[in-house]
Each structure stands twice: as structure tokens, then as C-alpha cells.
Amino acid sequence: MTLTYEQAVDSLHVLDSAWPRPAVLDALGAPANRHLLDYVKEDPFGAHVFPGNVPGHAPEAFLADLDAQLPTSGPIHLWSYIPTCAYRCRFCQYPVVVVKGGPEVTRERAAHWVDLNIAEARLWLAAVPNLARAEVGEFNVFGGTPSMLPEPEIRRLLDFYRENFGFTTGTTVRFEGDPSTFTQPKLELLRELGCTKLSSGVQSFDDHVLRESGREHTADMCVDFVRNALAAGFEWVSIDLMYGLLDQTLDSVRRDLDVVLENEVPAVVCTKLHLASYADSRTGVTGEKPAAWQLPEYRDRLVRKGHRWPTLGEQYQMREVLTDGLRAHGYTEHPTMYFARDGLGPEKWKSIMVDQDRQEPEVAIGLGGSSSCRASEAITDVNSKRYAETVAAGRIPLGSATRFTPEGQESRAVKMALSTLQPLDDAVHGRRFPGRSLFAEPWLGRFRSLEARGLVRLDQAARTVALTRDGEVLVEAIINTEW
């Protein structure tokens, strides 16, 4: 059941008395920030897709916009989305294709999706002539669960991209997958093929929480993945940790942090459980089928069976345990939710997209991919049957596109820059948007409103705008509700 505002306020103040009260509660409970609390009640993921403000943009026009920007662009983010999964998690609303059956079935389906991905990539290269010449800053193979691909298909996919796109000695290559599928032979193959980064959706090191979430791996498998990947020489091993999961407790989250620190995990993504549909705000890409946990009757049934959902207050206690604990042990958050050990730098693929002095194009090839340039953005079809038919017909399967007015481009640039959690520099803004300033209207009034509510700090002398601690915690809500 969706909480009313009054119920959300009550939930915000139900805490685990054994743990400190979260600092952000005062800001979230303030009447002037009611819209922020309304946003975080179910937390749609809000820092990945930054949609345009003019719908109905022709997909062909987006491709032309992208081609026009690429010659003057810095290194871009390129990603290949392989949607195959062995199962669907109960919180997952991404477009995935569940592959069941024996090894022969798995190999056949995997080869099919690699075929489709490569075929679509060829269509992009033909339609966007400057794409082949664009330098790739980071190439990510995301999913889905691409790590379940058989080794020959992994080799075929990575060889194709390396041979046909602008990979350089500075390009980093990253591969995502389930902890149980990163076998020793696959780790060795990925190292051979030039991968230096791995990502895995661990979510929790609590076996009960994993089972209730529908995960089919154990906590021990997650630890083994981290240790094996580091021993194999991967410089960046990143895991996802979620908070707000069914039956999760503060003690469980604290144990998650302890495991991270004990194993010196290089990078951690800390994500609150998202139950609102990404499609409602178009701030992420959602598949056609809702996650099991998005169904109110399903959630209520779990409660009747004796399970428990953490309150909003407990969720922010959990966030504070993770984020404060990581910072205290030498991790830096850049951008929001993404923590890396000091010295490793920001999360590169996100930094390419959102850092104020970059904000370069992103090209996503595969079912439900999200692509963007400064003038417009587009999302690939999420219907797997229609996607395959469109690729077979020789067309890029973009499902929708939106463009940005000049005002929309500026607003998007500011929102993306805020999501980095780094101070906004007025000089950088002025170079990007001549004649405009963060210390002139309309931005000055907007930032003064946030400053009055304790969410940003304005430094007139340095000409910077910086999020406060509360502002960093609530940045997704700020960028998706304030303007």
C-alpha cells in the first residue's frame, strides 16, 4: 500500500533504538520539504536517466543530434546490454529475459542475444558515422546477467566491440554479473580480453535477506567472488548493496559493511530499495512486467505471513550505517550512491555522463538501453519480441526519444552536476552556457530556497554551490522535484 503523507511522517520516526537517529530526519520531516518526502516514500531511481523536456522527438533526429556532438566530444560512455538472466529478483523492474533450461538451451539463447546485440551495434555504426571514430572512455557490458554467457560468446562480443569502436589504451572495460557465474575460467578469460573492472549485484551478505529477495546465490558465493576477482588482478571490483529489503535489520546492514571492510572491496554502490516504477518519472528504464514487490497485494501478503518491511526511518539509519562507515574507512562518494576507495577516483562511466566539466554522450546498445547527448536522449524498446523484429528488419530499435529546449539543456546540466555531489562551479557553467550564471536568476532564487532549507551552501566569493550533508542524502529527490 502506498503511504499517505501522514503515514510517511510516522514511518520516518519509527527507528531502531539501538542505532543513532539519522541526521536527515529533520529536513525530511519539515513541512517545506513535503515534496521531498513524497518522492522518497517509494524512491524511484532518479540519477540515471535525465529525460528531455520535449516529448515526441523522432528517433532519427536523436541519432542526428548525437552524430553532430561526437566530433567535439570527449571520451564517451559505451555500453552493451545483455538482458539474459537465470531468474528474476523480486525487486527487479528492469527489462530482462529469463533463460531456463539445460546447457544447450542456455548456450543457444545466449548466442541469440549476442547476435542481436552485435546486429544492433552495426546499425548504430551505419546510422551515426562519427560513432566509430569517437573515443570510448569506458565500455561496460551490463545486464541482465552477461556473466552467464558461455565463454565463446563473451569473446565474440568483446572482440567485436574492440574491433569496431574507438577503443584506446585509455579505455577501461567492465563486465557485470551474478557472483555465482564469475567462475575462475571466466575471470581468466575476461582478464585476457582486457577487462579491468567487474561489477556484481551482491545486494546483501545475509542469506535470509538474499532468499527473500529471490536471489539464487549465497553470501559465501559473494565473498568468494570478491576474493577471487581481486586475486585475479582486477583493479576495480564493485558490488551493489541494497538497504530497505524485506526482513533486513540494522544489525544485518552493519554486517554487510563489516564484510566489505574485511575484504577491502574497492567499490560499493549503496542503493535504497526502489518500489515506484521508473516509468512514472522516466528517470530509469523499466521493463514491461512489474517487480513482484511492486504489487501492493504481494507486499501485504508478506506482512500477513510475518515478514517485515523496514520503516523509512530505519532505511535512513541503514543508509547512514553504510555511508558513514564507508567514509570513515577511506571511501569517497562520487556520484551519489557510488563509493570507491580513496585514490581510485570517481565511478568512471557515471563521471563521463554527469561531471559538470564533462557530461559527454552515452550510447547504450541492447534491449532497454538509455542513450543521450546534450540535445536529446532516447530509450531502446523494452519489448523483447518487438526489439528482435526491429533489429531483424534493419532498424535501430529506439522506442522513444525526447529533446531538450535550451532551458532544458541548462537545467539538465545542473541536475547532473548536483548528482556528482561535487561543488558546482559557476565559471564552468558560464563557459558551457555563455551569459548564464548560477548566481543570477533563475538559479539564484532556486539555490537560495535550498539554502534556506539547509540543503545547499552558496559561496559568493568562490562562486560555487555545494550540497550540505542533508542535500547529499536527498539529492535524487531534489533534482527530480525542485525544478
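Me: On a 1 Å grid over the protein atoms alone, a cavity is a set of points where a 1.4 Å probe fits but cannot get out. How many cavities of 30 Å³ or more does the structure hold?

Reply: This is a predicted model, in which local features need pLDDT of at least 70 and side-chain atom pairs count only at pLDDT 80 or more, while totals for chains, interfaces and linings use all residues. Residues are numbered from 1 along each chain as its sequence is written, and side-chain values use heavy atoms, with hydrogens and water left out. With 30 Å³ as the lower limit, the number of cavities is four.

Me: Which element gives the most to the lining of the largest cavity?

Reply: The largest cavity holds about 160 Å³ of space, a volume being the space filled by probe spheres set on grid points joined across faces, edges and corners. Its lining, meaning residues with an atom within 4 Å of a point, has 16 residues, with D43, Y243, R319, V473 and E476 nearest the centre. β9 (267–272), α13 (312–328) and α20 (475–481) give two or more residues to it; helices (H or I, at least four residues) and strands (E, at least two) are DSSP runs numbered from the N terminus. The most, three residues, comes from α13.

Me: How many residues of the lining of the second largest cavity come from α13?

Reply: The second largest cavity has about 80 Å³ of space. R319 and V473 are among its lining residues, and both are also among those nearest the centre of the largest cavity. α13 and α19 (469–473) each supply at least two residues, and the largest share, from α13, is six.

Me: Which strand gives the most to the lining of the largest pocket?

Reply: A pocket is an open set of points with protein on both sides within 12 Å along at least five of seven lines. The largest pocket has a volume of about 1,100 Å³ and is lined by 46 residues, with Y94, G143, E176, Q203 and D240 nearest its centre. The lining has 21 nonpolar (Ala, Val, Leu, Ile, Met, Phe, Trp, Tyr, Cys, Pro), eight charged (Asp, Glu, Lys, Arg) and 17 polar residues (the others, Gly among them). Four residues, the most from one element, come from β7.

Me: Which residue does a cis peptide bond join to G143?

Reply: G143 is one of the residues nearest the centre of the largest pocket. Its partner is found in the loop between β5 and α6. At the cis bond omega is about 20°, and the partner is G144.

Me: Which residue of the loop between β10 and β11 has a positive phi?

Reply: Most residues other than glycine have a negative phi, and most peptide bonds are trans. The loop between β10 (331–333) and β11 (338–341) holds P335, which a cis bond with omega of about 0° joins to H334. Phi is near 85° in M337.

Me: How are α5 and α6 oriented to each other, roughly parallel or roughly antiparallel?

Reply: The axes, lines fitted to C-alpha atoms over the stretch in contact, with angles from 0 to 180 degrees between N-to-C directions, come within 10 Å for α5 (103–127) and α6 (151–164) and cross at roughly 10°. The contact (heavy atoms within 4.5 Å) includes A111, V114 and I118 of α5 and L157, F160 and Y161 of α6. Angles under 35 degrees count as roughly parallel, over 145 as roughly antiparallel, 65 to 115 as roughly perpendicular and the rest as oblique. The two helices are therefore roughly parallel.
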